[in-house]
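Colleague: Before I rely on the terms used for the aromatic rings, could we go through them one by one?
Modeller: Gladly; here is the model.

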Amino acid sequence: MSLIHPALIYAAALAVIPVILHFLLRAKPKKLPFPALRLILMRRRQNVRRLRLRHVWLMLLRMLVIVALAIAIARPSLPEASYELSTSEMLTLFGVIAAALGTYFGLMHTWHKKKLSVQTLAYRRTMLRGGLGTAFAALIALAVILPYVNRLRAEISAPAPVASSDLPVAAVFLFDTSLSMQYTQEGKTRLDLGKSIALGHMDTLPPRSRIAVGESNSTSPILFQADLVNAKSKIQGLAPQPVSQPLNERLRAALALQEQDQGRTLNEQESVAQSDRRDRFIREIYLFTDLGATSWRTSGAQLLKDELDRIPWVAVYVIDVGELAPHDVGITDVTLSRQSLAEGSSLTIEAALSTIGVEESEKTVELSMLGRDGKLIPQGKKAVKVGGRQGARVQMHVANLQGPVVHGELRLLSGDPLPMNDVRHFTLEIKPPARVLLVSASTRVAELLSSVLVTEDDQRSGQARFQLDEILPGKLSEMKLGNYSVVVLNSVPSLTETIWKSLQKFVNNGGGLAVFVGSNDLTEKGGVDPVSYNSPAASTVLPCELLAGLSNNPPAFIDAKNPNHPVLKKLDEVGGIGVLSEVNIYKHWSTVPLDGANVLATFTNPKTHPALIEKRIGAGRVVLLATAADSRGWIDHTEAASNWAFFMLTDHLMQYLSGRSEATFNYLAGEDVFVRADSEPPLTKYLLRKPSGQQLQGAVPAGAPSFAIRETDQLGHYEVLSADPQSKFASGFSVNASATESDFRRMSEDDLTQMFGEKRFSLSRDIATLQRRVNTGRLGEEVYPLILLIVLIVFCGEHFAANWFYSEEPAPEPA
């Protein structure tokens with residue numbers, strides 16, 4: 001126990017006053033002549049015994065009143081613990097009291113019924129009070145006080161603090177600045193509420209206190225401010241940010257600052273012995289957060305707990321400014337049918353909406369595209385029903401897109417308390433159709449792939465997905481492969497060593513090569529020669545070695561082994577893997593994948609035979625399908641031509657090989673962005689224009705096919721231009737908030753205990769509670785109210801004893 005005003009404890013010495021009054025000023029007996037001396041002497045001996053006991057009780061009670069008042073004024077404090085009586089302790093106390101009162105009044109009632117004499121009744125009553133009081137005190141000590149003390153010993157994990165109300169404080173004010181703190185209630189964001197509590201509490205700090213201000217959006221070290229004015233100015237300038245670090249990591253940074261500063265403070269006391277050096281500050285950390293569960297990294301919980309165990313002299317106060325019953329509708333995700341499109345193409349946009357605390361209602365989503373003048377042009381609106389915790393999805397379309405870079409957004413037209421998730425930005429790349437060179441053994445062999453790559457719909461609309469050129473193998477040596485994005489070898493019988501080397505160079509420079517291998521009957525036109533395909537020159541290009549052509553009875557089909565691969569992912573998402581199995585495959589090649597090859601799919605009969613094999617060479621890729629794509633009996637030509645899954649597989653294969661399926665222009669805040677540097681002349685320096693209008697310049701590594709941009713700390717559309725005015729290079733991308741910012745799951749007190757450890761934090765929701773918690777943390781648990789209650793009880797006891805002391809015995813009953 002420690003005392004806030006220790007000098008006042010000496011007032012307890014005034015407890016000698018009742019002793020002086022009782023022994024020096026007690027009443028002296030009067031001498032009265034009376035003949036019946038024997039009876040008086042007997043009566044006197046009985047009265048003396050009773051009065052002596054009453055005299056001692058009265059004196060002790062009066063001494064206890066003075067001592068308790070002196071202790072109360074000194075304001076003692078104890079280490080933090082639950083000093084209230086527990087339920088079991090309260091029941092035990094009431095049980096003992098009830099038993100004592102029941103015994104006392106029960107015996108007194110029995111004795112009154114026996115009509116004992118007054119003297120006998122008075123004597124028995126006196127003995128009963130003394131014995132029952134002693135037994136009551138013993139029972140209270142054994143059944144209540146002893147368990148209570150043992151419980152407190154177990155709960156108190158730290159010694160009583162050095163109580164002082166004017167010791168300066170070294171405090172770190174750490175703010176959660178994630179976007180969820182933008183939630184607005186009664187005209188105040190959660191961050192604004194946290195700032196107002198912090199500024200109000202800062203005014204109550206003792207003189208010479210020091211303040212450091214940290215926020216969750218920064219990884220830089222937290223530093224103490226020069227003075228309180230600078231600290232307040234920094235707090236007032238805080239705002240929610242799209243990029244945020246886990247709060248437990250920022251708390252560890254705050255603990256590191258406190259440890260370093262304490263070490264510096266102790267080292268300054270060079271003239272003092274090491275064992276006698278004392279910190280001049282009370283050290284505290286204040287965390288202002290909405291307790292969003294996604295703001296914490298659960299995998300780092302043990303690290304924080306270990307740090308807090310190692311540094312027990314830093315008190316941590318968590319101020320919960322979150323909304324307990326939030327209501328919000330937000331756009332949490334946008335899926336584009338494709339991020340890289342051919343000019344004039346159409347785009348399908350699908351958005352996911354999340355809701356919480358909202359009754360069933362209708363919301364309107366608006367699609368807008370950014371015009372060349374920088375203004376948004378509405379493209380359409382769609383109503384969607386939302387309600388409860390059930391989300392919703394909405395699909396919208398936009399046609400005839402023109403490039404090279406197009407920005408757009410989806411926006412909820414009705415506002416709510418969390419504006420950051422009411423809009424979602426997106427960016428598209430618009431390019432001319434990818435040029436594909438289809439090399440087929442014959443016109444008949446080319447029919448199926450030709451009809452898939454350029455459909456009748458493409459021809460009618462004039463919006464081709466691919467610019468297709470078709471040639472026979474004899475013309476391949478005359479073609480300039482660099483003019484194409486993808487070369488397709490469709491059952492080409494054989495190639496010369498020179499052509500294989502040209503293909504290897506083409507792929508290495510970023511081109512895509514698709515190989516369909518058909519009949520192994522060299523007597524038929526389009527038969528594949530395994531000798532040519534297994535030659536040393538071919539092995540530098542192809543992903544496998546051809547062994548033999550096999551017949552499938554019953555027919556096999558393609559079974560996706562890696563559905564997360566870009567070629568198969570979209571097909572798997574729409575359920576196309578199962579539909580693809582409807583295409584019967586009657587023959588296929590058995591193959592052996594070479595080093596570096598990746599098997600994307602296998603045949604179902606037998607299951608071990610690879611069907612779709614990929615290999616990366618430099619900046620490009622090669623994909624081989626170990627069966628034919630024509631009408632000569634290797635696959636069911638009719639089924640393949642009408643099977644939308646086969647069409648989709650071929651389409652995505654061409655997109656993948658041309659590099660367009662992996663083109664990414666939409667990112668989350670904080671992610672690294674990779675921009676392709678495909679321009680002539682080569683890009684050396686670029687200019688990044690952020691959504692706020694801020695411009696940054698950067699350099700592109702010489703010869704690099706792409707460069708990284710890491711300054712993605714704002715939401716909206718970014719532009720990437722060449723720093724050379726003569727260059728026409730233009731690109732861009734969009735940055736959105738993570739969907740986790742719309743996740744309103746909160747950390748419970750049990751979750752915080754798992755993160756911090758038992759009794760290593762204090763939780764508050766307003767400034768009054770915070771200040772009570774802080775006073776308890778600095779000074780310990782004050783027992784002032786408890787002692788005043790004891791004083792009140794003792795005063796009542798003293799009054800009762802005084803009346804008892806001076807009360808007259810009832811006159812004896814007449815004989």
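**Aromatic rings and their surroundings**

Modeller: At 2% relative accessibility, Y317 counts as buried. This is a predicted model, in which local features need pLDDT of at least 70 and side-chain atom pairs count only at pLDDT 80 or more, while totals for chains, interfaces and linings use all residues. Residues are numbered from 1 along each chain as its sequence is written, and side-chain values use heavy atoms, with hydrogens and water left out.

Colleague: Why is Y317 called buried?

Modeller: Buried means under 20% relative accessible area (exposed is over 50%, partly exposed in between, with a 1.4 Å probe and protein chains only), and Y317 has 2%, so the term applies. Y286, at 0%, is buried too.

Colleague: What makes F173 and F288 a stacked pair?

Modeller: Rings of Phe, Tyr and Trp (its six-membered ring) pair if their centres lie within 6.5 Å, and planes under 30 degrees apart count as stacked, over 60 as edge-to-face and the rest as tilted. The structure holds 12 aromatic pairs; in this one the centres are 5.9 Å apart and the planes 15° apart, so both conditions for a stacked pair are met. F173 lies in strand β3 (residues 169–175) and F288 in strand β7 (residues 282–289), so the pair ties together parts 115 residues apart in sequence; strands here are DSSP runs (E, at least two residues), numbered from the N terminus.

Colleague: Which residues form one aromatic cluster with F173?

Modeller: F173 clusters with F175, Y286, F288 and Y317.

Methods
Helix = DSSP H or I, 4+ residues; strand = E, 2+ residues; numbered from the N terminus.
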